[in-house]
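User: Hey, I'm new to this one. Can you put it up and walk me through it?

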Amino acid sequence: TQRTILVTGGAGYIGSHACKAIQRAGYTPVTFDNLETGWAEMVKFGPFEQGELRDRVQLDEVFARWKPTAVMHFAALSQIGEATRDPGKYWSANVGGAVTLLQTMVDHGCLNLVFSSTCATYGDKDGVLLDEDTPQHPINAYGASKRAIEDMIADFGQSFGLNSVIFRYFNVAGADPEAEIGEFHIPETHLIPILLEVASGEREKVTIFGADYPTPDGTCIRDYVHVSDLVEAHLLGLAWLEASKGSRVFCLGSSQGFSVHEVIAKAQEVTGLPIRSEIGPRRGGDAAKLVCGSAAATRVLGWQPKRSTLALMIEDAWRVRQSVRHPAGA
Ligand code: UDP
C-alpha cells in the first residue's frame with residue numbers, strides 16, 4: 001500500500017509544490033487546507049480535505065480516513081506586516097492550529113512530522129551568517145509564533161516520542177519549472193511576485209520598504225531559495241525521519257544574500273522590462289539582513305540546491321505568471 005502524507009497547507013504556494021514532489025516520490029499527499037490563503041485549483045497531485053486545523057473533530061476524521069504515516073505541516077499565516085498589525089490572529093491560527101495538529105497526531109499514533117519554520121524566528125542578528133545554533137529572538141509575532149511551535153514540537157518529542165524535522169526557511173521564491181503550479185497570493189506582499197506584477201503592467205510601481213538600513217545599498221538583504229529546492233529538502237527530511245527517527249533542525253539557505261535593489265535589477269534583466277520603484281518607509285518587523293548557510297542540511301540530508309540562483313527563481317516565477325491562469329480569475 002502507498003504511504004500517505006498529510007500535507008497541511010497543501011493548497012498554498014509551498015505546500016502545492018511539496019504535494020507534486022511527494023507524489024512524484026511515490027507517496028500519496030493528502031492536502032488539508034482551509035483555503036483562507038490557498039487555492040483548490042492548486043491541489044492537483046492527491047486528495048483534498050478542506051478544513052480547519054483548530055477543529056479537532058474534523059482532524060480526527062481526516063486522520064481516521066487517511067491514516068497518514070507522516071505530516072508535513074505548512075499551513076500558517078505568514079505575513080510579517082499583518083502579524084505586526086494583528087498579533088493575536090497569528091498566535092491563534094499558527095500556535096492554536098499546531099497544538100490541535102500535534103495532539104491529533106499523537107492520539108492517532110502518527111509520530112513523524114516535518115515542520116515549516118522560518119528565519120523570522122531569529123530576529124535581527126546584525127548581519128551575521130545564521131545557522132541552526134544561532135539564538136532565536138524573534139522581532140515580530142509571526143516569528144514568535146513559529147518559535148513557540150518549535151518549542152512545542154520539542155516538548156511533544158520528549159513526552160510522546162514525536163519525531164521531527166524542523167526546517168527554517170529563508171525567502172522562498174520561484175515556481176514549478178514545469179509551470180503546473182505557482183505562487184498566488186491576494187493581496188500579494190512578496191517582493192519577487194510584486195516586481196513581476198510591475199513588469200507586466202498590473203501594478204504601477206514597487207515601494208522599497210526602507211533604504212536606510214545598515215547594508216551596503218541601504219535596503220534589506222535576504223537569502224532566496226527556489227521552492228523546488230526547498231521541497232526537495234522536505235523529501236530528504238521525510239526519508240531521514242523514516243530511517244533515523246529523532247529530531248533535527250535544519251536551516252535552508254543559500255549562503256548568499258541579495259538586497260532589494262539587487263533583486264529589482266535582476267528582475268528587470270530577466271523580464272527585459274522596466275520596473276518602477278520608489279523608496280518608502282521601513283516596514284515594521286523587518287530585519288536588516290537574514291542570510292544563512294545550509295551546511296547541516298547538506299551534510300546530514302545530502303541537500304544540494306539546484307535552481308536557487310536569483311535569475312532562475314525569477315525566470316521560473318515569470319514563466320508561471322505568463323502561462324498559468326490566476327486561480328482567482330484575475
Ligand atoms: N520588500 C519591499 N517592498 C515590497 C515587498 C517587500 O521592499 O513591496 C522587501 C521587504 O522589506 C524585505 C524583502 O523585500 O526586505 C523581502 O520581503 P518579502 O515580503 O518578499 O519576504 P519576507 O522577507 O517578509 O519573508
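Analyst: Here we'll go through the ligand site, then the aromatic pairs, then some backbone details. This is a predicted model, in which local features need pLDDT of at least 70 and side-chain atom pairs count only at pLDDT 80 or more, while totals for chains, interfaces and linings use all residues. Residues are numbered from 1 along each chain as its sequence is written, and side-chain values use heavy atoms, with hydrogens and water left out.

User: OK, ligand first. How many residues surround the ligand?

Analyst: There are 16 residues around it, and the closest are Leu191, Thr207, Phe209, Arg283 and Asp286. To be near the ligand, a residue needs a heavy atom within 4 Å of it.

User: What's the mix by class in that shell?

Analyst: Nine are nonpolar, four polar and three charged. Here Ala, Val, Leu, Ile, Met, Phe, Trp, Tyr, Cys and Pro count as nonpolar, Asp, Glu, Lys and Arg as charged, and the others, Gly among them, as polar.

User: Which element gives the largest share of the shell?

Analyst: That's β9, with four residues. Both α6 (191-199) and β9 (206-209) supply at least two residues each. Helices (H or I, at least four residues) and strands (E, at least two) are DSSP runs, numbered from the N terminus.

User: And where does the ligand lie relative to the domains?

Analyst: Between domain 1 (4-173 + 224-252) and domain 2 (191-221 + 255-323), because both give residues to the shell. Those domain bounds come from an automatic or database domain assignment.

User: Which residues put an N or O atom by a ligand oxygen?

Analyst: Leu191 has a backbone N or O atom 2.8 Å from an oxygen atom of the ligand. Arg283 has a polar side-chain atom 2.8 Å from a ligand oxygen, and for Arg222 a polar side-chain atom lies 3.1 Å from one.

User: How much of the ligand does the protein bury?

Analyst: The protein buries 89% of the 510 Å² that the ligand exposes when taken alone. Accessible areas come from the Shrake-Rupley method with a 1.4 Å probe; for residues, only the protein chains shown count as cover.

User: Switching topic: how many aromatic pairs are there?

Analyst: Two. Rings of Phe, Tyr and Trp (its six-membered ring) pair if their centres lie within 6.5 Å; planes under 30 degrees apart count as stacked, over 60 as edge-to-face and the rest as tilted. Phe156 and Phe160 make a tilted pair, 5.3 Å centre to centre with 55° between the planes. They sit four residues apart in helix α5 (residues 141-160), about one turn of the helix.

User: Are those two buried or exposed?

Analyst: Phe156 counts as buried at 12% relative accessibility, while Phe160 is partly exposed at 44%. Buried means under 20% relative accessible area, exposed over 50%, partly exposed in between (1.4 Å probe, protein chains only).

User: What about the other pair?

Analyst: Phe167 and Phe250 are tilted too, at 6.0 Å centre to centre and 35° between the planes. Phe167 is in strand β7 (residues 163-169) and Phe250 in strand β12 (residues 247-252), so the pair ties together parts that are 83 residues apart in sequence. Phe167 is buried at 0%, and Phe250 is buried at 0% as well.

User: Last thing, which residues does a cis peptide bond join?

Analyst: Ile186 and Pro187, with omega about -5°. Pro187 is in the loop between β8 (171-173) and α6. Most peptide bonds are trans.

Terms used
A polar contact is a pair of N or O atoms within 3.5 Å; within protein, one must be able to donate a hydrogen and the other to accept it, and residues adjacent in sequence count only if both atoms are side-chain atoms.
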